[in-house]
Amino acid sequence: TTIDIEAARAILRANDRGGYTVPTDRLYPFQWNWDSAFVAMGWATFDKERAWRELERLVEGQWDDGMVPHIVFHAPSDDYFPGPDVWRTRHAIPTSGITQPPVFATALRRVFEIARGPDAQARAARLYRCALASHDWWEKARDPEATGLVAILHPWESGMDNSPAWDEAMARLTIAPTTPIRRRDTSHIGAEMRPRDEDYRRFIALVDLYAGLGWEPAAMWRASPFKLVDVATNAILQKAEEDLLALAAQFGTEAERRRIEARMARRAAAFARLWSEERRIYQARDLCTGTTVDASTSAGLLPLFAGIPSAGQAAALAAELEDWLAKVPYPVPSTSPLDPRFEPKRYWRGPIWAVVNFMIAEGFERYGHAALASRIHLATQTLMRDGGIAEYFDPTSGDGLGGSQFSWTAAIRLMIDQ
Ligand code: DGY
């Protein structure tokens, strides 16, 4: 309804800090990488100029080597830990030293398609270069052995911080943090909806390790005790390559198009290694142990978004999701409700996230599972109407959880309506 649309727009306006949008007031007071990409697509539905600015302000934080950091600390705030003093990176505008799922090129293509205008061509041409540099960085820094799949070196890079998929690798960590842990998140919202203190000790131990290596990608790759082939990151990257390739037709060279196509072909083939016939879903791989991580999470459905599964695999994914939905009324829980590690209120261990719903629904649509796709989109709308435009939702009750007035949830509301 128009009321919902107005409410969603009002949230983006309220969270605007001057060309960039904070995910929500206080809990996340800076610009986050993948949040911003979704938010730009949301802005594009009603304020073209603002959509372009969102993307431009994000790449103010891009490093010379092409990495787009997961946080850009545009202005200081005491509301968040770990801040720039913990990250100790050397970029002119303070940033974190790790990245996040690369939704950027997907957002750029969509903004370019929706937000036409006199200067759109020039702005898209410049941002195309930034996106290409970021994808080249992924290939070089995070797949140095040319397997076709990239790895993350920190759970925060997945954006799905406390997913059960990281439990075993995190439990194995022997390093301790040197930085004192001064959590701020649990002073804004209930601790039962956030990662545990034990998780934070390990999150920060990894940050301290990499800061000690000067954030140098090759040194990080060699030293890291956490090297995970995340299904979501690879699926999102593959979709982003598809969108980058479409942009390259206008803004790129023949050599660039060939480079992107080659990467896509290699990655599509490599995805076979992540498919579990027994579990009917894609699962992560741990490069430190060389084993599959037996955790079924919503990340495992995201290859649909990039057109990776065969029609048969897509049908198996739909059947797997139907089994989850026999246990909980609302799609899509971030962890299978059949998994003993499922916790309906704890961040990425069970709650529903609107951005993930959006990508999964688009994925099922791509495979002709239209009924399932619209069921997911409809549920996302219902959750927001009844639970508020919250950070995430309890799949058992539909309650809104985490931060409220949440930017990327608002953006999805605007995109569903398109
Ligand atoms: C947080 O602080 O919870 C973020 O997810 C990490 O980037």
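**Figure 1. Aromatic pairs across the predicted model.** The structure holds 28 aromatic pairs; rings of Phe, Tyr and Trp (its six-membered ring) pair if their centres lie within 6.5 Å, and planes under 30 degrees apart count as stacked, over 60 as edge-to-face and the rest as tilted. This is a predicted model, in which local features need pLDDT of at least 70 and side-chain atom pairs count only at pLDDT 80 or more, while totals for chains, interfaces and linings use all residues. Residues are numbered from 1 along each chain as its sequence is written, and side-chain values use heavy atoms, leaving out hydrogens and water.

**Figure 2. Close-up of Y28 and F406.** Here Y28 meets F406 edge-to-face, at 5.9 Å centre to centre with 90 degrees between the planes. Y28 is in the loop between helix 1 (2-14) and strand 1 (31-32), and F406 is in the loop between strand 9 (400-401) and helix 17 (407-416), so this pair ties together parts 378 residues apart in sequence. Helices (H or I, at least four residues) and strands (E, at least two) are DSSP runs, numbered from the N terminus. Y28 is buried at 7% relative accessible area, and F406 is buried at 1% (buried means under 20%, exposed over 50%, partly exposed in between; 1.4 Å probe, protein chains only).

**Figure 3. Close-up of W156 and Y200.** This edge-to-face pair has W156 and Y200 at 6.1 Å centre to centre, with 65 degrees between the planes. W156 is buried, with a relative accessible area of 4%; Y200 is buried too, with 2%.

**Figure 4. An aromatic cluster.** Take a look at W34, F38, Y347, W348, W353, Y392 and W408, which form one aromatic cluster.
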